[in-house]
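Let's take a walk through this model, one contact at a time. Have the coordinates open and follow along.

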Protein chains: 4
Amino acid sequence: RVLSSRSMASKTPVGFIGLGNMGTPMAKNLLRNGYPVIATDVFPESCKELQDTGAQVVDSPAEVAEKADRIITMLPSSPNVIEVYTGPNGILKKVKKGTLLIDSSTIDPAVSKEMAVAAEKMGAVFMDAPVSGGVGAASLAKLTFMVGGVEEEYHAAQELLTCMGANVVYCGQVGTGQAAKICNNMLLAIGMIGTAETMNLGIRLGLDPKLLAKILNMSSGRCWSSDTYNPVPGVMEGVPSANNYQGGFGTTLMAKDLGLAQNTATNTKTPVPLGSLAHQIYRVMCSRGYANKDFSSVFQFLREEEGQ
Amino acid sequence: RVLSSRSMASKTPVGFIGLGNMGTPMAKNLLRNGYPVIATDVFPESCKELQDTGAQVVDSPAEVAEKADRIITMLPSSPNVIEVYTGPNGILKKVKKGTLLIDSSTIDPAVSKEMAVAAEKMGAVFMDAPVSGGVGAASLAKLTFMVGGVEEEYHAAQELLTCMGANVVYCGQVGTGQAAKICNNMLLAIGMIGTAETMNLGIRLGLDPKLLAKILNMSSGRCWSSDTYNPVPGVMEGVPSANNYQGGFGTTLMAKDLGLAQNTATNTKTPVPLGSLAHQIYRVMCSRGYANKDFSSVFQFLREEEGQ
Amino acid sequence: RVLSSRSMASKTPVGFIGLGNMGTPMAKNLLRNGYPVIATDVFPESCKELQDTGAQVVDSPAEVAEKADRIITMLPSSPNVIEVYTGPNGILKKVKKGTLLIDSSTIDPAVSKEMAVAAEKMGAVFMDAPVSGGVGAASLAKLTFMVGGVEEEYHAAQELLTCMGANVVYCGQVGTGQAAKICNNMLLAIGMIGTAETMNLGIRLGLDPKLLAKILNMSSGRCWSSDTYNPVPGVMEGVPSANNYQGGFGTTLMAKDLGLAQNTATNTKTPVPLGSLAHQIYRVMCSRGYANKDFSSVFQFLREEEGQ
Amino acid sequence: RVLSSRSMASKTPVGFIGLGNMGTPMAKNLLRNGYPVIATDVFPESCKELQDTGAQVVDSPAEVAEKADRIITMLPSSPNVIEVYTGPNGILKKVKKGTLLIDSSTIDPAVSKEMAVAAEKMGAVFMDAPVSGGVGAASLAKLTFMVGGVEEEYHAAQELLTCMGANVVYCGQVGTGQAAKICNNMLLAIGMIGTAETMNLGIRLGLDPKLLAKILNMSSGRCWSSDTYNPVPGVMEGVPSANNYQGGFGTTLMAKDLGLAQNTATNTKTPVPLGSLAHQIYRVMCSRGYANKDFSSVFQFLREEEGQ
């Protein structure tokens with residue numbers, strides 16, 4: 001097969017749409033790697049910051065599509081993605097044949113599939129490439145990308161994604177990047193709440209929290225939340241629980257991802273009893289003052305003493 | 001402090017009560033290490049097997065207590081422990097002052113504490129030392145012991161326990177061995193069901209199970225059930241899921257341990273929402289044909305297709 | 001306000017789309033009340049049955065819309081509704097200004113709102129009017145309709161709905177009919193599973209099931225599932241539990257409605273912990289041989305003895 | 001069968017142990033009905049109040065047992081019951097043959113059975129007779145008693161219980177009174193949380209709360225919590241939700257009863273998924289400031305808006 005002219009000319013401009021907390025450092029890493037960036041966002045201030053770093057700012061996704069044949073989008077949720085791709089000033093209104101579209105938003109895989117179909121009708125290629133890792137990892141180009149889409153285009157995507165991340169994993173057909181992301185975060189939430197419950201129970205039964213963590217971590221109860229991101233203050237350093245649950249991955253974001261997992265499970269008739277209950281717990285926490293704390297604050301939520 | 005005469009005379013007889021699937025290989029490992037064993041069990045056949053290996057068999061726990069000043073008990077559940085220690089022919093009817101009593105059963109920590117109080121009244125010392133690891137680990141002396149009790153006696157206990165296990169961990173006051181065991185198994189159950197749900201959801205969304213396991217294991221969804229004991233047939237070798245969920249740790253036993261966790265949480269007013277739901281799921285599985293399968297069969301339980 | 005010509009001419013033809021188990025008897029009741037019916041369905045056999053009863057059968061929803069200015073739709077799920085209204089041969093392709101569109105399907109209220117917006121653009125009026133009551137109630141014109149839509153059109157809708165149902169309740173703006181239906185069925189499912197658990201627990205504790213039902217029904221545990229539709233065989237006559245859980249409201253249908261409740265709750269960020277768990281339980285039941293049994297069979301699902 | 005001398009001499013003294021919020025008005029109703037009362041409690045102030053109303057106060061349960069051959073106990077929890085019956089100054093130390101012992105505490109049915117066995121050894125008869133209804137019902141002699149024990153003694157118990165309650169229901173063997181109470185309260189908790197979730201969801205979907213309650217109450221979602229004790233402020237008058245969740249049945253008490261249900265279910269290997277989750281929800285509420293509010297405040301707990 002002949003490589004497309006697109007992937008040959010690697011330092012031609014790259015479009016970037018969505019300059020939020022994650023998108024801005026990601027776009028900066030493209031600039032740092034020598035790619036001209038043509039960007040847009042609904043918030044002018046966000047555009048200003050990137051412009052100062054050397055990007056060309058334009059008025060709409062459609063205009064980005066006129067000027068770049070590789071475009072990355074990083075948006076908050078499914079409706080934004082639908083608007084940016086298929087809206088009146090959307091990418092697909094002006095997209096050139098052969099354009100590579102990479103969506104790094106975390107959204108419903110069914111929407112990714114719809115966008116891929118719509119892109120294909122215009123002769124473009126859509127891939128989903130959601131990330132794991134937060135703002136810090138975005139700044140340091142340490143993100144992990146989980147990529148779904150036609151395998152032939154994976155290498156072209158990889159070229160750009162490696163400028164912004166440390167790991168790029170090919171997951172399969174369109175939507176499987178989202179699937180992998182959603183699955184990981186559902187299991188993460190279950191493990192975190194489970195760890196919080198377990199640590200709390202152990203402490204009430206007289207165990208020292210550091211000792212309990214050590215025992216779990218050498219046994220079959222071990223998980224990422226117990227050995228790398230322990231939710232109990234005093235057990236580990238350098239994690240949000242050591243800093244009053246500031247920073248990290250907010251409860252609101254976890255609730256959003258669990259909502260996607262829930263919708264996806266419902267639509268595929270897949271039973272996810274613990275995933276579903278985890279979703280409800282983070283949903284309640286959002287309503288009770290934990291929205292902006294790290295998701296490991298579920299330990300605090302469950303623990304607070306009676307009468308306080 | 002002066003070492004007790006007991007721990008000085010290390011090859012004096014050791015009592016062993018409870019010769020089931022676990023107790024028998026444990027007692028054999030004491031014999032193998034040169035300790036004379038004085039044993040009893042309610043089932044004569046079990047006694048016969050150990051007698052043939054060189055143990056002296058007597059009629060009751062009380063009689064064991066007359067002849068040994070170090071006694072290990074390995075029993076199915078709390079009522080058995082209460083009977084063997086405080087029943088009419090129980091250990092405490094004849095126990096000698098200074099005797100070391102080590103209970104390796106998995107029971108409610110509140111019962112361990114009661115037994116410790118009752119033993120102390122007779123001048124004896126009670127420690128709880130439940131195990132993790134199954135029949136295979138018991139035979140190979142690879143068990144892990146989690147030990148609760150007065151710290152001064154821990155070394156005396158350790159001397160015997162290292163004959164039967166590879167790890168011996170001191171957890172704190174009486175009951176904390178049980179607490180550690182129960183906590184670990186609760187988190188294990190949560191991680192296993194979570195892994196089963198997640199793998200099932202990912203497969204339905206089009207992900208290859210081996211690839212999904214790989215992604216989880218390099219990410220924050222990682223847990224012992226995903227990386228060491230994956231419940232999906234075909235993902236790993238040498239685990240129960242590779243062998244139709246034969247062997248391993250049965251659903252009935254997991255349901256029992258989760259029942260202990262539930263009771264303990266209720267009694268200490270500790271919320272354990274996922275632990276509680278995990279208990280209910282294993283309880284339903286016990287009623288629906290999964291009682292004797294490995295606890296990773298929750299993947300099969302959740303997965304079975306509609307119409308089948 | 002001037003009454004529309006439509007509601008004046010009450011015996012002009014009524015369109016009916018969706019001739020399934022529910023739609024067919026509903027359409028027959030319109031015929032019985034003297035309304036000419038113009039009908040269509042994707043399954044020719046269903047059309048044939050209604051044609052034999054006197055309806056005019058046409059080829060597509062669009063054709064129905066050409067010939068009737070009052071149309072009722074009764075379809076299995078959201079995608080069918082979207083297709084029948086907005087598809088290439090859909091109602092809105094040919095709908096006349098002022099047409100009254102009544103959708104009795106049970107679907108996501110968000111889809112009802114979308115249809116209402118689309119209908120309004122064509123000058124038509126859309127109302128949602130899902131039903132409670134099964135095939136028997138549909139045949140006997142004993143259904144309950146929960147109606148959402150602009151209040152001015154409610155009386156016009158009521159005229160037709162009273163031919164097919166015993167109760168017609170106006171709920172508010174478009175989508176609130178669906179909301180009321182979904183809410184009722186979520187609470188119904190919770191009450192049913194709760195009743196099944198409670199009766200099972202009471203029986204295991206030595207209570208006679210009829211006596212327990214009587215005590216609950218005179219106390220604060222009382223609910224529709226305990227006093228009108230008890231899930232325990234032998235407690236009541238004339239309910240599915242007295243007939244091996246045949247007939248009634250199938251587990252699959254309940255799982256579908258709980259999926260709608262779940263999606264709606266997720267989209268509105270509303271915590272529904274018990275509703276969510278009820279959904280999961282019915283989802284698992286669908287996978288384990290209960291798909292076509294009445295939803296009260298959850299008693300049997302939870303009860304089955306160990307070892308069986 | 002010959003009536004015992006006890007039940008013939010109906011106005012001989014009645015013992016009463018446990019003079020808390022419930023016990024005091026219950027004992028007063030016995031006095032009001034002409035029964036001499038011999039009472040005791042660990043709190044002297046409680047004794048003083050009843051003494052002023054005409055009761056004879058003694059120092060210990062054992063002393064009550066010396067002076068009365070019918071004794072009622074009303075205590076907070078299982079350990080108190082065990083102490084009052086079998087402790088060093090307990091009833092059974094001095095109980096006369098043929099004494100009727102009626103325990104109105106809400107406790108684990110297994111403890112009731114133990115007490116019955118212990119009483120029988122002393123030639124006395126033990127019955128469990130927990131109540132439903134709160135302090136108001138206790139004052140007005142409007143309680144409901146659920147009675148377990150040997151049927152021959154039921155009428156003797158009924159004679160006293162009708163002085164304190166409006167309904168007395170015979171449930172079967174010892175422990176079934178507790179079973180009925182626990183079962184009712186578990187289903188009540190499930191219905192209440194379910195009603196709170198449903199009302200909250202409906203309101204968010206645009207339904208008027210009064211209208212939604214009306215629809216549920218004429219449909220299959222109907223339950224005691226929706227039609228008699230609605231948790232949404234403004235829907236009903238004269239219920240705790242109309243009074244900022246003051247009064248009524250406190251969250252702590254509901255959590256206690258659900259803990260009993262949970263322990264009982266665990267011990268009988270009965271799956272109670274919703275009952276178990278209801279327990280966890282009330283347990284979390286106790287830790288988060290709802291301990292002393294009426295249990296219908298779960299509506300408020302689930303509802304509180306994000307950002308507040």
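Which residue of chain A forms a salt bridge with Asp227(B)? The partner is Arg222(A), and the closest N and O atoms of the pair sit 3.0 Å apart. Keep in mind as you look that this is a predicted model. That pairing belongs to a short list, since the rule finds two salt bridges across the interface of chain B and chain A. Polar contacts add to the picture: 18 residue pairs make one across this interface, with both partners at pLDDT 80 or more.

So where on chain B does this surface come from? The elements of chain B that give two or more residues to the side touching chain A are β9 (165-172), α9 (176-204), α10 (209-217), α11 (224-227), α12 (251-267) and α13 (273-287). Of these, α9(B) gives the most, putting in 19 residues. Sort that side of chain B by class and you get 32 nonpolar, 19 polar and six charged residues.

Now zoom out to the whole contact. Chain A brings 57 residues to it, and chain B brings 57 residues as well. Together the two chains bury about 5,100 Å², and carbon and sulfur atoms account for 69% of that area. If you want three residues to click on, try Leu187(B), Leu205(B) and Leu274(B): they supply 13% of what chain B buries against chain A, more than any other three residues.

Over on chain A, have a look at helix α10(A), which runs over residues 176-204. From the first C-alpha to the last, this 29-residue helix reaches 42 Å, close to the 42 Å expected at 1.5 Å a residue. Is α10(A) mostly buried or exposed? Buried: 28 of its 29 residues count as such, so the helix is largely enclosed by the rest of the structure. Just after α10(A) comes Gly206(A), which takes a positive phi of about 100°.

One last stop brings in another chain. Gln280(D) lies in helix α13 of chain D, which covers residues 273-287. What does the side chain of Gln280(D) reach on chain B? It gets to the backbone nitrogen of Val272(B), at 2.5 Å. Leaving aside residues up to four places away in sequence, Gln280(D) touches Gln262(B), Thr270(B), Pro271(B), Val272(B), Pro273(B) and Ser276(B). With a relative accessible area of 2%, Gln280(D) falls under the 20% cut-off and therefore counts as buried.

Definitions and conventions:
Residues numbered from 1 in each chain as written. Chains lettered and ligands numbered in written order. Predicted model: local features only at pLDDT ≥ 70, side-chain atom pairs only at ≥ 80, totals over all residues. Heavy atoms only, no water. Contact = heavy atoms within 4.5 Å. Buried area = accessible area lost by both parts, 1.4 Å probe. Salt bridge = Lys/Arg side-chain N within 4 Å of Asp/Glu carboxyl O. Polar contact = N/O pair within 3.5 Å; in protein donor to acceptor, adjacent residues only side chain to side chain. Helix = DSSP H or I, 4+ residues; strand = E, 2+ residues; numbered from the N terminus. Nonpolar A, V, L, I, M, F, W, Y, C, P; charged D, E, K, R; others polar. Buried < 20%, exposed > 50% of the residue type's maximum accessible area, 1.4 Å probe, protein only. Expected span 1.5 Å × (residues − 1).
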